[in-house]
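Hi,

Here is the structure I promised to send over. Have a look at it first, and then read on for what turned up.

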Amino acid sequence: MEEIKYTLLIDRILFKKFRYVADWDGRSANRELEVLVERYIKSYESKNGEIKPEIE
């Protein structure tokens, strides 16, 4: 898996709450976000079909 860096601008209080949930799940904030994005894409694809991104 090739990783990329992405900067996220987010409300401070929302991020503190997010970190709380990530800690509760035993994950870093980065890993928690990755898990949530994976779930979101899986849900999207189950309703709309597989996404086939172009490889650069």
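Before anything else, a word on naming: helices here are DSSP runs of H or I with at least four residues, and they are numbered from the N terminus. With that in hand, "the segment after helix 2" is where you will find isoleucine 51, and glutamate 50 lies there too. Please also keep in mind that this is a predicted model.

First, the overall picture. The protein chain has 2 helices and 0 strands. Its C-alpha atoms fill a box of roughly 35 × 25 × 20 Å along the principal axes. The radius of gyration is 14 Å, whereas a compact globule of 56 residues would come out near 10 Å. Just 9% of the 56 residues count as buried. About 5,900 Å² of the chain is exposed, and carbon and sulfur atoms supply 54% of that. As for charge, there are 11 positive and 12 negative side chains, with the centres of the two sets 8 Å apart.

Now the aromatics. How many aromatic pairs are there? The count comes to 1. The partners are phenylalanine 15 and phenylalanine 18, whose ring centres lie 6.5 Å apart with the planes at 35 degrees, so the pair is tilted. That label follows because planes under 30 degrees apart would count as stacked and those over 60 as edge-to-face. Both phenylalanines sit in helix 1 (residues 12-24), 3 residues apart, which is about one turn of the helix. Their exposure classes are worth a look as well. Phenylalanine 18 has a relative accessible area of 19%, so it is buried, while phenylalanine 15 is at 31% and counts as partly exposed. The cut-off for buried is under 20%.

Next, have a look at glutamate 32, which is in helix 2 (residues 29-48). Is this glutamate 32 buried or exposed? At 4% relative accessibility, glutamate 32 counts as buried. Leaving aside residues up to four places away in sequence, glutamate 32 touches Phe18, Val21, Ala22, Asp25 and Arg27. One of those contacts, Phe18, is the buried member of the ring pair described above.

On to the segment after helix 2. Isoleucine 51 has a relative accessible area of 40%, so it is partly exposed. Which residues does isoleucine 51 touch, not counting those up to four places away in sequence? They are Ile41, Tyr44 and Glu45. Isoleucine 51 and isoleucine 41 are 10 residues apart along the chain, and their C-alpha atoms are separated by 8.6 Å. Glutamate 50, in that segment as well, is exposed at 63% relative accessibility.

Finally, two long spans to try with the distance tool. Glutamate 50 and leucine 8 are 42 residues apart in sequence, and C-alpha to C-alpha they are 26 Å apart in space. Serine 43, which has its place in helix 2, is 34 residues from leucine 9 in sequence and 24 Å from it in space, again C-alpha to C-alpha. Serine 43 itself counts as partly exposed, at 31% relative accessibility.

That is the tour. Shout if you would like to go through any of it together.

Cheers

Note on methods. Residues numbered from 1 in each chain as written. Predicted model: local features only at pLDDT ≥ 70, side-chain atom pairs only at ≥ 80, totals over all residues. Heavy atoms only, no water. Rg over C-alpha atoms; globule rule 2.2 N^0.38 Å. Buried < 20%, exposed > 50% of the residue type's maximum accessible area, 1.4 Å probe, protein only. Areas by Shrake-Rupley, 256 points an atom, 1.4 Å probe, with all protein chains shown as cover. Lys, Arg positive; Asp, Glu negative; His and termini not counted. Charge placed at Lys NZ, Arg CZ, Asp CG, Glu CD. Phe/Tyr/Trp six-rings, centres within 6.5 Å; stacked < 30°, edge-to-face > 60°. Contact = heavy atoms within 4.5 Å.
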